[in-house]
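User: I should like to learn how to read features of a protein model. Could you take me through some of them, step by step?

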Amino acid sequence: MGILEKISEIEKEIARTQKNKATEYHLGLLKAKLAKYRSQLLEPQGKKGEKGEGFDVMKSGDARVALIGFPSVGKSTLLNTMTHTKSECAAYEFTTLTCIPGVIQYNGANIQLLDLPGIIEGAAQGKGRGRQVIAVARTADLVIIMLDATKNEVHRQLLEKELESVGIRLNKRRPNIYFKEKKSGNLTFTPTCNLTKLDEKLVYGILHEYKIYHAEVIIREDCSADDLIDVISKNRVYLPCLYVYNKIDEISIEEVDKLARRPHSVVLSCNMKLNLDYFLERLWYYLALMRVYTKKPGNPPDFDDPLILRRGANIEHVCHTIHRSIADSFKYALVWGTSTKYSPQRVGLQHVVNHEDVVQVVKRG
């Protein structure tokens with residue numbers, strides 16, 4: 001029996017098993033087996049370099065965004081509208097057959113937008129060019145799932161399922177679980193809070209399924225079996241996701257309002273160029289980008305050439321962005337902006353900067 005057949009059998013077994021307290025252990029082991037087989041399916045097969053034309057796109061710019069969706073939802077039209085790249089678009093399916101990169105220039109940042117071929121159901125198992133599409137998506141800083149506003153929610157659910165099955169977790173944070181394999185000693189399991197979805201027997205059962213017999217597990221929040229499996233697998237990617245509903249010019253204003261109120265969602269029309277400004281604002285927010293300006297002593301801030309950093313960046317990140325060697329001879333920095341109590345404030349390397357702060361770095365000697 002091949003891996004695909006084994007995956008199919010386990011999925012059927014999970015579907016027909018009633019979910020209650022008595023079946024928790026059985027379902028947990030099934031989920032562990034399923035995750036293990038899916039990981040094997042994702043391992044590269046054949047010779048190295050058989051990715052396919054156009055899929056090995058070099059990462060460039062300040063952030064990378066993967067555009068995913070079913071065929072003919074308007075991905076290529078969005079790329080053509082937002083960037084200077086021309087991706088072929090037509091009324092028939094599978095117009096785009098390779099990965100086409102473009103660059104969105106916004107707020108001083110260069111954001112790489114990748115137009116990926118349309119995903120079809122079963123992409124995670126390798127149907128169409130699904131595996132290549134998903135491999136590129138794993139390298140992105142943000143996933144945009146593009147949907148047709150005129151269709152029902154089935155497409156959204158299918159795409160989420162495909163990405164979930166290959167270890168891409170959308171709009172989720174990593175479980176607060178400490179896991180470390182050891183070369184000797186017993187399995188030790190320490191919960192630091194009340195667990196309602198896991199117990200010691202299930203934790204040991206899942207670890208044994210992965211042939212792990214020496215490890216330390218500390219669970220610091222009420223996690224599920226799926227969360228533990230994600231931590232053990234070590235190949236999960238946690239990405240922010242923006243759901244973009246295109247073709248709103250073809251539905252009623254009430255339906256547009258309903259879609260716009262959904263979490264992590266943006267509505268727009270590529271053909272009519274509706275709501276593209278708001279789309280760019282949300283893109284900036286979900287990528288957690290910010291601008292920081294530098295200043296030389298005795299000169300005004302350089303507003304024409306901002307540094308593009310991630311929210312939560314500190315002065316050390318600022319130094320590395322300017323030049324790798326600056327942090328080694330760093331003495332202190334003067335900061336003007338909302339991150340300080342007064343302007344300018346003298347700060348060290350660990351000071352966290354805010355959007356639109358001005359920084360002057362002073363070196364030793």
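Analyst: The following turns treat a sheet, a helix, a single residue and the nonpolar cores. Please keep in mind that this is a predicted model.

User: Let us begin with the sheet. In what order do the 5 strands of the open sheet lie?

Analyst: A sheet is read strand by strand across its width. Here the order is E13-E12-E16-E14-E15, and the pairing is mixed. Strand E13 (307–310) and strand E15 (345–347) are the edge strands, each pairing on one side only. From one strand to the next, the twist averages 35°.

User: Which helix packs on this sheet, and which strands does it touch?

Analyst: Helix H10 (residues 315–322) packs there, touching strand E12 (289–294) as well as E13, E14, E15 and E16. The direction of H10 makes about 135° with that of E13.

User: How many bridges join strand E14 to strand E16, and how do these strands run?

Analyst: Strand E14 (residues 330–336) and strand E16 (residues 357–363) run antiparallel and are joined by 6 bridges. As a single point to locate in the display, valine 335 stands opposite valine 359 in E16.

User: I turn now to a helix. How many residues of helix H3 are buried?

Analyst: The general idea concerns the helical repeat: an α-helix has 3.6 residues a turn, so residues three or four places apart point the same way. Helix H3 (residues 75–82) is mostly covered, with 7 of its 8 residues buried. These are Lys75, Ser76, Thr77, Leu78, Leu79, Asn80 and Met82.

User: What covers the buried residues of H3?

Analyst: The cover includes strands E1 (63–69), E2 (100–106), E3 (109–115) and E4 (142–148), together with helix H9 (276–286).

User: Why does arginine 236 count as buried?

Analyst: Burial is judged by relative accessibility, and the cut-off for buried is under 20%. Arginine 236 counts as buried because its relative accessibility is 12%. This arginine lies in the loop between helix H7 (225–233) and strand E9 (237–239). Its side chain makes a polar contact with the side chain of aspartate 230 (2.8 Å), and another with that of asparagine 235 (2.8 Å).

User: Finally, which residues touch the most other members of the largest nonpolar core?

Analyst: In that core of 61 residues, they are Ile144, Ile145, Phe279 and Leu283. Not counting residues up to four places away in sequence, phenylalanine 279 touches Leu78, Met82, Ile144, Leu242, Val244, Val266 and Leu268. Another core, of 24 residues, lies apart from the largest one and has Leu29, Ala32, Val231 and Ile232 among its members.

Conventions: Residues are numbered from 1 along each chain as its sequence is written. This is a predicted model: local features need pLDDT of at least 70, side-chain atom pairs count only at pLDDT 80 or more; totals for chains, interfaces and linings use all residues. Side-chain values use heavy atoms; hydrogens and water are left out. Two strands pair if DSSP finds at least two bridges between them. Helices (H or I, at least four residues) and strands (E, at least two) are DSSP runs, numbered from the N terminus. Axes are lines fitted to C-alpha atoms, for helices over the stretch in contact, and angles run from 0 to 180 degrees between N-to-C directions. Contact means heavy atoms within 4.5 Å. Buried means under 20% relative accessible area, exposed over 50%, partly exposed in between (1.4 Å probe, protein chains only). A polar contact is a pair of N or O atoms within 3.5 Å; within protein, one must be able to donate a hydrogen and the other to accept it, and residues adjacent in sequence count only if both atoms are side-chain atoms. A nonpolar core is a set of buried Ala, Val, Leu, Ile, Met, Phe, Trp, Tyr and Cys residues joined through side-chain atoms within 4.5 Å.
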